[in-house]
Amino acid sequence: RFTNADGTIPLSGSVVLDQLTGLMWARSANLPGATKTWQQALDYVAGMNSSATYGYTDWRLPNLNELESLINAGAAGTAAWLTTQGFTAVQTNYYWTSTTNAASTGQVWVVNMHFGYLYFHDKANIHYVWPVRAGQ
């Protein structure tokens with residue numbers, strides 16, 4: 001399912017192409033090296049685009065469905081499973097999405113990469129950032 005950008009495996013580059021969804025993910029699921037507020041996460045991704053990180057200028061925060069597509073309900077822990085698939089630095093905690101809670105615009109949906117839980121948290125909370133882009 002997960003390959004290098006050119007379709008080869010094992011994973012060795014800085015980006016991963018999900019052959020199931022066509023999305024391209026940063027191979028490191030903890031690029032900033034620290035957690036960020038939602039606005040800081042948006043600013044971080046904008047900075048990736050201005051510097052053409054990994055050769056691309058269209059990185060963004062994933063929406064809820066995109067981030068949820070990485071969850072493996074059959075695995076004891078999604079973070080550990082993703083690591084066996086070639087990703088690095090996958091945290092067993094929450095990651096930001098770009099999807100605002102329609103009932104409360106001060107909140108955004110987040111995904112827990114250990115249990116696969118979906119929640120919404122205040123934008124001022126601190127969570128991990130995992131950029132994505134359209135791979136095709």
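**Exercise 1. Find which residue is the bridge partner of Gln107 in β6, then work out how β5 sits among its neighbours.**

Step 1. Look across from Gln107 and you land on Asp122, its bridge partner in β6. A quick word on the model: it is predicted, so local features need pLDDT of at least 70 and side-chain atom pairs count only at pLDDT 80 or more, while totals for chains, interfaces and linings use all residues. Residues are numbered from 1 along each chain as its sequence is written, and side-chain values use heavy atoms, with hydrogens and water left out.

Step 2. Strand β6 (residues 118-122) runs antiparallel to β5, and five bridges join them. Strands here are DSSP E runs of at least two residues, helices are H or I runs of at least four, both numbered from the N terminus; two strands pair if DSSP finds at least two bridges between them.

Step 3. Now the turn: β5 and β6 form a hairpin with five residues between them, and Gly116 in that turn has a positive phi of about 80 degrees.

Step 4. Check the other neighbour. Strand β4 (residues 94-100) pairs with β5 in the antiparallel sense over four bridges, with Trp96 bridged to Val110. A hairpin of six linking residues joins β4 to β5.

Step 5. Is β5 (residues 107-112) enclosed or open? Five of its six residues are buried, so the rest of the structure largely encloses this strand. Buried means under 20% relative accessible area, exposed over 50%, and partly exposed in between (1.4 Å probe, protein chains only).

**Exercise 2. Trace the aromatic pairs that involve Phe87.**

Step 1. The whole structure holds 12 aromatic pairs. Rings of Phe, Tyr and Trp (its six-membered ring) pair if their centres lie within 6.5 Å; planes under 30 degrees apart count as stacked, over 60 as edge-to-face and the rest as tilted.

Step 2. Take Phe2 and Phe87: their ring centres are 5.1 Å apart and their planes at 80 degrees, so call this pair edge-to-face. Phe2 lies in strand β1 and Phe87 in the loop between α3 (78-84) and β4, so the pair ties together parts 85 residues apart in sequence.

Step 3. Phe87 also forms an edge-to-face pair with Trp130, at 5.3 Å centre to centre and 85 degrees between the planes. Trp130 is in the loop between β6 and β7 (132-134), so this pair ties together parts that are 43 residues apart in sequence.

Step 4. How buried are these two? Phe87 has 2% relative accessibility and Trp130 has 1%, so both count as buried.

Step 5. Zoom out: ring pairs link Phe2, Trp25, Trp81, Phe87, Tyr95, Tyr128 and Trp130 into a cluster.

**Exercise 3. Work out where the buried residues of α1 (38-50) point.**

Step 1. Check the helix length. At 1.5 Å a residue, the 13 residues should span 18 Å (1.5 Å times one less than the number of residues); the end C-alpha atoms are 19 Å apart, which agrees.

Step 2. List the buried residues: Trp38, Ala41, Val45, Met48 and Asn49. They cover an arc of only 100 degrees around the axis, which puts them on the same side of α1; the arc is that of the directions from the helix axis to the C-beta atoms.

Step 3. See what they meet: these buried residues pack against β4 and β5, where contact means heavy atoms within 4.5 Å.
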